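Please find below a colleague's note on the model under review. The points begin with the enclosed and open spaces and then turn to the backbone.

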Amino acid sequence: MSGNTGSRKIKRCAVVGGGIIGVAVARELAAKLDDVQVTVYEKEDRLAAHQTGHNSGVVHAGLYYEPGGLKATLCRRGVELLQEFCAAKGLPYEACGKLVIAQTAEESRRLDSIFARATANGVPGARMLSRGQISEVEPNAVGLSALHSPETAIVDYAAITNALADDVRASGGTIRLGQEVTSLEQQMSGVVVHTKEGGEHFDLVVACAGLQSDRLAESTGEPATPRIVPFFGQYFLLGKEAREKVKGLIYPVPDPKHPFLGVHLTKRIDGEMMLGPNAFISFGRESYAWNAVNVRDVLNYTLFPGFWNFARQNVPSAVREFQTVVSKKKFIREAMRFVPSLEGATILPGTRGVRAQAMNGDGSLVDDFVIARRRDAVMVRNAPSPGATSSMAIAEYIVEQALRD
């Protein structure tokens, strides 16, 4: 495809952010445009250093999302593209399956609604299980009813990101590590990408800055909201003796009263079994240790009225999540609701991630993907779960939109 869009000729493109979405966008630009120079800016010394490298590794099948919405559409397309890519590159892709288990009559009713969505979204193999059928899939799990998604899979997203980057370099693109973008400046035509080293002009810039996405968007003149409010999620690992008690993924039924899902069990591609994550306010957008405090980040949300609206509306959730932050016993008790035989199991600290939670001024959480366009700049302002699953489909969508004008 030619780099002509309207009267413009796109010869130089920049992508800000070396997570899986940013690198997938760079690869898509290189594939779709002839004779284009693609440059990726990443402030860390490696790719996938933040959300991509700290997530659970789940390839979501599309159970929960509003049929016809951006999340549902891009998730299903993203799964196809990831499967093809992993097969082509020899990367591990394990369809270990997932159970969403209801423990009460009310949860069973909510699960029926999720099953209806899954069916509308074309999730392959999705089926409802009765109490007695649960043990056929997960011998040690208990519940009133369950939704089984046999095609839900696990991968290594950091490895996928690096393989995508190999394709970018192979097509002549450049990946600049250790280069922090401080602002984007729209010109009469094109955008100047500013770093501490100076500015460089590009015909098209796509910002996939994750935890810093609102700040970068603001630098171009975009509205300050949705604001990124960081929430950390702590994972624990089951000891070897308990690891075999769970075969795949076991999730609770989402509760509309709680903004976050709660503790679940997730098999990892290296064979480890994770419990978690919980979700609690983080003292920094990139604070992966409990004692790492970034004053600028904390002020950014404590001076944001939307955060206090959110906090007021979610006191019971905060109490629930805080208990799992301070008590490993509470953490494992949550998991034992689904797998009682985990009682007494050893649990070890696992990874800790920070999610870039986009929040509106009224304190509501932004649920769907938000991709904003400002002349020659495209900004991914919100890419929550299933962002990694959908990454290659998000890249297709962004490049298609950018080349349409």
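1. The second largest pocket holds about 260 Å³ of space. This value, like the others in this note, is computed from a predicted model. The pocket has a lining of 20 residues, and those nearest its centre are Phe232, Gln234, Trp290, Val325 and Arg352.

2. Four elements each contribute two or more residues to the lining of the second largest pocket: strand 15 (227–238), strand 19, helix 10 and helix 11 (328–336). Helix 10 gives the most, with four residues.

3. As to the chemical character of this second largest pocket, 12 residues of the lining are nonpolar, six are polar and two are charged.

4. The structure also contains one cavity of 30 Å³ or more. The largest cavity encloses about 30 Å³ of space. Its lining consists of Gly262, Val263, Arg320, Glu321, Thr324 and Glu334.

5. Which element supplies the largest share of the lining of the largest cavity? That element is helix 10 (residues 315–326), with three residues. Helix 10 also gives four residues to the lining of the second largest pocket. By class, the lining of the largest cavity comprises one nonpolar, two polar and three charged residues.

6. Two cis peptide bonds deserve a place in the record of this model. One joins glycine 276 to proline 277, with omega of about -5°. Proline 277 sits in the loop between strand 18 (273–276) and strand 19 (280–281); strand 19 is also among the elements that give two or more residues to the lining of the second largest pocket.

7. The other cis bond links serine 385 and proline 386, and its omega is about 10°. Proline 386 belongs to the loop that runs between strand 22 (377–382) and helix 12 (391–404).

8. Aspartate 35 has a positive phi of about 50°, although it is not a glycine. The residue is located in the loop between helix 1 (20–32) and strand 4 (37–42). Is aspartate 35 buried or exposed? Its relative accessible area is 64%, so aspartate 35 counts as exposed, the cut-off for that class being over 50%.

9. Arginine 375 is another residue other than glycine with a positive phi, here near 55°. Arginine 375 occupies the loop between strand 21 (370–374) and strand 22. Its relative accessible area is 49%, and arginine 375 is therefore partly exposed, since exposed requires over 50% and buried under 20%.

Key: Residues are numbered from 1 along each chain as its sequence is written. This is a predicted model: local features need pLDDT of at least 70, side-chain atom pairs count only at pLDDT 80 or more; totals for chains, interfaces and linings use all residues. Side-chain values use heavy atoms; hydrogens and water are left out. Buried means under 20% relative accessible area, exposed over 50%, partly exposed in between (1.4 Å probe, protein chains only). On a 1 Å grid over the protein atoms alone, a cavity is a set of points where a 1.4 Å probe fits but cannot get out, and a pocket is an open set with protein on both sides within 12 Å along at least five of seven lines; lining residues have an atom within 4 Å of a point. Grid points are joined across faces, edges and corners, and a volume is the space filled by probe spheres set on the points. Ala, Val, Leu, Ile, Met, Phe, Trp, Tyr, Cys and Pro count as nonpolar, Asp, Glu, Lys and Arg as charged, and the others, Gly among them, as polar.
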